[in-house]
Amino acid sequence: EQINKGKYEHYMQKEIHEQPESVTTTMRGRLIRGGSCKAKTVLLGGLKDHLKTIRRSRRIVFVGCGTSYNAALAARSIVEELSGIPVTMEIASDLLDRQGPIYREDTAVFVSQSGETADTLLALEYALENGALCVGITNTVGSAIARHTHCGVHINAGCEIGVASTKAYTSQIVVMAMLALAIGGDTLSNQARREAIIDGLFDLPRKVKEVLKLDEEMKDLAKLLIAEQSLLVFGRGYNYATALEGALKVKEVALMHSEGILAGEMKHGPLALVDENLPIVVIATRDSCFSKQQSVIQQLHARKGRLIVMCTQGDAASVSVGGTSRVIEVPQVADCLQPLLAYHLTVLRGYNVDQPRNLAKSVTTQ
Ligand code: G6P
């Protein structure tokens, strides 16, 4: 049943539409709703014997490639916020090229859908040699990364066939949000924040279903963009990863040049590209970066940018800048969970979506 396309034309499309169920399976048995006297909490069985060591670590290093790296980046700030431990990001091949410093006091988290990606696996061996505590986050029970790490969490997203990762991305972020909750102490001062995130996670499948209703709107948008050479995606804060992942999907699936840009860097180069022809997606949902993104929209508009703005439901008027722009509204979610929803914006053109040319599902050679 899992490896049959059912009513869908492509596995990728099917896997996108499976997300309300896949994120539910990821959370099953791990999020505790809490009774009248019990706090809402998270239980990650695969980590329980190592949580103390993780909490004592000097830093957390996230390691991955492609979409898995982007998922880790999406979760970085919530892990830092709840754990108080600095998180650094490593693309596996780059960590190996640099032979970057990894210490015994580090917790290194290896994120990989397949659990078999050669660079991630070699980076794991390198971190083990250097004495770090190694945690695996994979979708494949019994994979090399699952076997060689000290402990870990399976994302349980179900089999993913499309070469470009989709539902695994959302489930990886859910796991890392739960990881942040599990590492972070349950103190009085952060209780409200923790509960809001847990409530947001419980509500996520419903919100994902709502976002999937944007399918037709996405198709219309894709028609507008089909002949374009290039697409920029601007994000910041929680949504910088969304911008990178959105651009990666457009690149690998639609075979169109696309770049994810950290909006805070706009004036340091990207602004030179802006004219009336180049389409630009700006992610401007309600979070602590919202007013800064409003100002980015104004500045892009002043240079006649062709804008497609993605905002929170009800915010269309606050982000609109005249006739050239198009606005897409998505449901409101807890700020750190936004990347999950925004993700659907990324499927803009349809070539052979399940097997993009020159790419492999699992890159097991260097
Ligand atoms: C390949 C796939 C990507 C994936 C990356 C990392 O490039 O095409 O979709 O994100 O490998 O794979 P992993 O299995 O380690 O998550």
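## Exercises on a predicted model

In β11, Arg306 is the bridge partner of Pro279. The model is predicted, and the exercises below start from this pair.

**Exercise 1.** Describe how strands β10 and β11 pair, and place them in their sheet.

Solution.
- Step 1. Strand β10 covers residues 279-284 and strand β11 covers residues 306-312. The two pair in the parallel sense over six bridges.
- Step 2. Both belong to an open sheet of five strands, ordered β9-β8-β10-β11-β12, with parallel pairing.
- Step 3. At the edges stand β9 (257-262) and β12 (326-330); each has a single partner strand, so one side of each is left without a neighbour in the sheet.
- Step 4. From one strand to the next, the twist averages 20 degrees.

**Exercise 2.** State which strands of this sheet are touched by helix α11 and which by helix α12.

Solution.
- Step 1. Helix α11 (residues 240-254) packs on the sheet and touches β8 (230-235), β9 and β10. Its direction makes about 175 degrees with that of β9.
- Step 2. Helix α12 (residues 290-302) lies across β8, β10 and β11. It runs at about 160 degrees to β10.

**Exercise 3.** Find the residues with positive phi in the loops that follow these helices, and decide whether Leu255 and Lys304 are buried, partly exposed or exposed.

Solution.
- Step 1. Leu255 sits in the loop between α11 and β9. Its phi is near 50 degrees, a positive value in a residue other than glycine.
- Step 2. Lys304 sits in the loop between α12 and β11. Its phi is near 65 degrees, again positive in a residue other than glycine.
- Step 3. A residue is buried at 20 or more other C-beta atoms within 10 Å and exposed at 12 or fewer. Leu255 has 14 such neighbours and therefore counts as partly exposed. Lys304 has 13, so Lys304 is partly exposed too.

**Exercise 4.** Describe the sheet that contains β5 and β6, with the helices α4 and α8 that pack on it.

Solution.
- Step 1. Five strands form an open sheet in the order β4-β3-β5-β6-β7, and the pairing is parallel. The edge strands β4 (87-91) and β7 (151-154) each pair on one side only.
- Step 2. On average, neighbouring strands are turned by 20 degrees against each other, direction ignored.
- Step 3. Strand β5 (residues 106-112) is joined to strand β6 (residues 133-138) by six bridges. Leu133 in β6 is the bridge partner of Thr107.
- Step 4. Helix α4 touches β3 (59-64), β4 and β5, and its direction makes about 175 degrees with that of β4.
- Step 5. Helix α8 touches β5, β6 and β7, and its direction makes about 140 degrees with that of β6.

**Exercise 5.** Give the make-up of the shell around the ligand.

Solution.
- Step 1. Of the 16 residues around the ligand, Gly66, Thr67, Ser112, Ser114 and Thr117 come nearest.
- Step 2. Helix α4 (residues 66-83) gives the most to the shell, with three residues.
- Step 3. The shell divides into five nonpolar residues, ten polar and one charged.

**Exercise 6.** Decide whether Val23 is buried or exposed, and list its contacts beyond four places in sequence.

Solution.
- Step 1. Val23 lies in helix α2 (residues 19-27).
- Step 2. Val23 has 25 other C-beta atoms within 10 Å, so Val23 is buried.
- Step 3. Leaving aside neighbours within four places in sequence, Val23 is in contact with Thr170, Ser171, Val174, Leu204, Pro205 and Val208.
- Step 4. Val23 and Ala168 are 145 residues apart in sequence, yet 9.0 Å apart in space, C-alpha to C-alpha.

How values were computed. Residues numbered from 1 in each chain as written. Predicted model: local features only at pLDDT ≥ 70, side-chain atom pairs only at ≥ 80, totals over all residues. Near = placed C-beta within 6 Å. Helix = DSSP H or I, 4+ residues; strand = E, 2+ residues; numbered from the N terminus. Nonpolar A, V, L, I, M, F, W, Y, C, P; charged D, E, K, R; others polar. Pairing = 2+ DSSP bridges. Axes fitted to C-alpha atoms, helices over the stretch in contact; angles between N-to-C directions. Contact = placed C-beta atoms within 7 Å.
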